Structure formats: structure tokens, C-alpha cells
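Subject: A structure for you to look at

Hi,

Here is the structure I promised to pass on, with my notes on it underneath. Please have it open while you read.

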Amino acid sequence: MLARYRIILPVISLAVLLALTFYMQPRAMSYFGLNLLFNLAVPIALATIAQMMVIMVNDIDLSLGAFVSLVACVTATFLNDAPMVGVLILLALIAAYALMGAVIHVLDLPAIVVTLGMSFVWGGLALFLLPTPGGASPGWLRTLMTVKPPLMPMAVVAAILIAAVTHALVIRSRLGTLLRGVGGNARSIARAGWNLTVLKASAYALSGLFGVLAGMALVGLTTSADANIALRYTLLSIAGVILGGGEFIGGKVSPVGAVIGALTLTLAASFLSFLRLSPDWQIGAQGAILILVLTARLLFSRRGVAA
């Protein structure tokens, strides 16, 4: 029963917000309108999945926004000008993420502190690459992110694919089951003979992979990069995971719910713009939407326990 509510509430919140948006802007109920509403949903969804991989093993990543910004800078410079060098740098960044996870586990360090420190490292490297906004998106990446499928906008199609792939990876695969087990009961996984250091590093490597994809997708949409282009993604990704039914402990996550949570946060920004709400108040309003959904989830959970 609780697992069902875990996915139903994110769906309801997205549906209600979409209905309110269509009511205020009927012209948004079209292919072009949906494309505008969810234009930046793909990089946010990928960043949310990246954060989910870390939350799944009971950690939290405060460096994700800076990491995605660094990837964007690498994509707009090296990947565009020297593709092979760019690919090697991106692979090295994924390896660095895996190493970070291994170090956190082996030395028993608090992930929140280590990732906060790494956010300054990623941010410094991004500023070194691009002191001022610039660079250019590789042509193939720009073409991929702006392709127009026949029935649904690219953002919606990509979100469905991301949800399907990550659901298969996290829920259906052996590796996903083990990683959720690390978050749920690490001692049992260790007693079964699995190496927790390798599993923790694998979770962070997957996080780094999706973080790289998020940065690349963002540059494909914006056509250039900035060292601070994705700093908000840290909080947005955490909010997306929780909004989608995930929890900070216990290995309880929902890949499909996380993608829906990312779509909801993307839509919320457009909806608040339609309300002509000042940008200074929009972040607070997004937080209020998150609190309302979490309150509803808590009420349903208590009712389920009482039943």
C-alpha cells in the first residue's frame, strides 16, 4: 500500500499542476507549448537520477550542481574543440566520482561534508576552464537535444526513456538490487559476501555518469556554458528525489517517481512565471509546493500504517 502511494502522489501533483497551467494558458496545450514548458526538464531529470543514486545508498551529494556545471564547461570547450580529449576528461570525472564514493566508505567520512568540499573543487575547475560564459555546444549534441519527434516533444520522450532505463537499472537489475540493499541493510549485504566499497563506488560512478549526461544535455539546450550554470541543480535534484517518493534512508527510491518529480519542479517554474510571481519569490513557492506534497505523503503513510 505504501509503495503504491509512493508513485501515486507524484503523478497526482504533476497532473494537478499541469491542469492549472493549461487553465491559465490554454495555448500551452499543444506540441509547441509542452516543448516550452518542459524545455529544461531533461538535464534536471538526469541530475535528479544522479542524486538518487547517492541517496539510494544513504548518502547525499552537495556537489552535484557544481559537478554538472563543470561537465557543461568541458562539453562546451574540449568536447567541442577536441572530442577525444573531451571524452577522456568526462571519463576521468566519472572515475573521480567513483573514487569519492570509495573514500567516503573506507574512511567512514560523512558524505555531506566530503561532497560539500568537492563542490568547491568542481567549481574551481569550472572557473579555470571558463572564467566567463562562453564555449559552444557540439553540433551533434545540439541536433540531438532539439530533434522534434512526431507525437510528443523531445523533452517528454526523453523523460519517458530516462524513467524506463533507470527503472530497469535500479529495480530490475542485480546491481540495482544490491545498491538498494546497501541503503536498506548494508551489514546483510556484507555478510552475504559482497564488497561494500565496490558497491558504494559503483553507486557514485552511476551518479557521475548521469551527472555527465545532465551537463551535456544542458549545453545541448543552451548552446554555451557557464561555470555557475547548474548550481541550483543540487537542491533541485534533492527535491526531485524526495518529491518523487524517495527517502533519505533505507534505500527507498523510485526512479520513475524521481523523473516525475523533476518534471513537476520544471513545470512549477513555468507555472509561477504565468502567475507573474517575482523571481525572488519563486524559489520559496517551489519549496511550498514540495512541502504540500510531502505533507500529503505523510498523511497517506500514517493512514496506511493505521490500517
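In this predicted model, helix H4 (residues 64-76) packs against helix H7 (residues 111-129), with an angle of about 25 degrees between them and their axes 8 Å apart. That angle makes H4 roughly parallel to H7. The crossing in which H4 passes H7 is left-handed. On the H4 side you will find Ala66, Phe67, Ser69, Leu70, Cys73 and Val74, and they meet Ser119, Trp122, Gly123, Leu125, Ala126 and Leu129 of H7. Sorted by character, the residues of this contact come out as 9 nonpolar, 3 polar and no charged.

H4 has a second neighbour in H6. These two helices pack at an angle of about 165 degrees, and their axes are 10 Å apart. H4 and H6 are therefore roughly antiparallel to each other, since an angle over 145 degrees counts as such. Here the crossing is right-handed. H4 contributes Leu64, Phe67, Leu70, Val71 and Val74 to the contact, while H6 contributes Gly86, Ile89, Leu90, Leu93 and Tyr97. This contact of H4 with H6 divides into 9 nonpolar residues, 1 polar and no charged.

Now to the aromatic residues, which I think you will enjoy. The structure holds 3 aromatic pairs. In one of them, the ring centres of Phe67 and Trp122 are 5.3 Å apart and the planes stand at 70 degrees, so this pair is edge-to-face. Phe67 belongs to helix H4 and Trp122 to helix H7, and the pair links distant parts of the chain, 55 residues apart. How buried or exposed is each of the two partners? Phe67 has a relative accessible area of 0% and is buried. Trp122 is buried as well, at 3%.

Trp122 also pairs with Tyr97, and this pair is stacked, with 6.0 Å from centre to centre and 20 degrees between the planes. Tyr97 lies in helix H6 (residues 83-106) and Trp122 in helix H7, so the pair ties together parts of the chain that are 25 residues apart in sequence. Tyr97 is buried too, with a relative accessible area of 0%. Taken together, Phe67, Tyr97 and Trp122 form one aromatic cluster.

Another residue to click on is Ser237, which sits in helix H12 (residues 233-243). Ser237 counts as buried, because its relative accessibility is 1%. Leaving aside residues up to four places away in sequence, Ser237 touches Ala47, Thr48, Gln51 and Leu64. You have met Leu64 already, as one of the H4 residues in the contact with H6.

Finally, which backbone angles did I mark in the loops? Asn58 has a phi near 70 degrees, a positive value in a residue other than glycine. Asn58 is found in the loop between helix H3 (41-55) and H4, and at 33% relative accessibility it counts as partly exposed. Asp108 also has a positive phi, near 55 degrees, and again the residue is not glycine. Asp108 lies in the loop between H6 and H7. With a relative accessible area of 68%, Asp108 is exposed.

If you start with one view, try the aromatic cluster of Phe67, Tyr97 and Trp122.

Best wishes

Definitions and conventions
Residues numbered from 1 in each chain as written. Predicted model: local features only at pLDDT ≥ 70, side-chain atom pairs only at ≥ 80, totals over all residues. Heavy atoms only, no water. Axes fitted to C-alpha atoms, helices over the stretch in contact; angles between N-to-C directions. Helix = DSSP H or I, 4+ residues; strand = E, 2+ residues; numbered from the N terminus. Parallel < 35°, antiparallel > 145°, perpendicular 65-115°, else oblique. Left-handed = near helix turned anticlockwise from the far one by under 90°. Contact = heavy atoms within 4.5 Å. Nonpolar A, V, L, I, M, F, W, Y, C, P; charged D, E, K, R; others polar. Phe/Tyr/Trp six-rings, centres within 6.5 Å; stacked < 30°, edge-to-face > 60°. Buried < 20%, exposed > 50% of the residue type's maximum accessible area, 1.4 Å probe, protein only.
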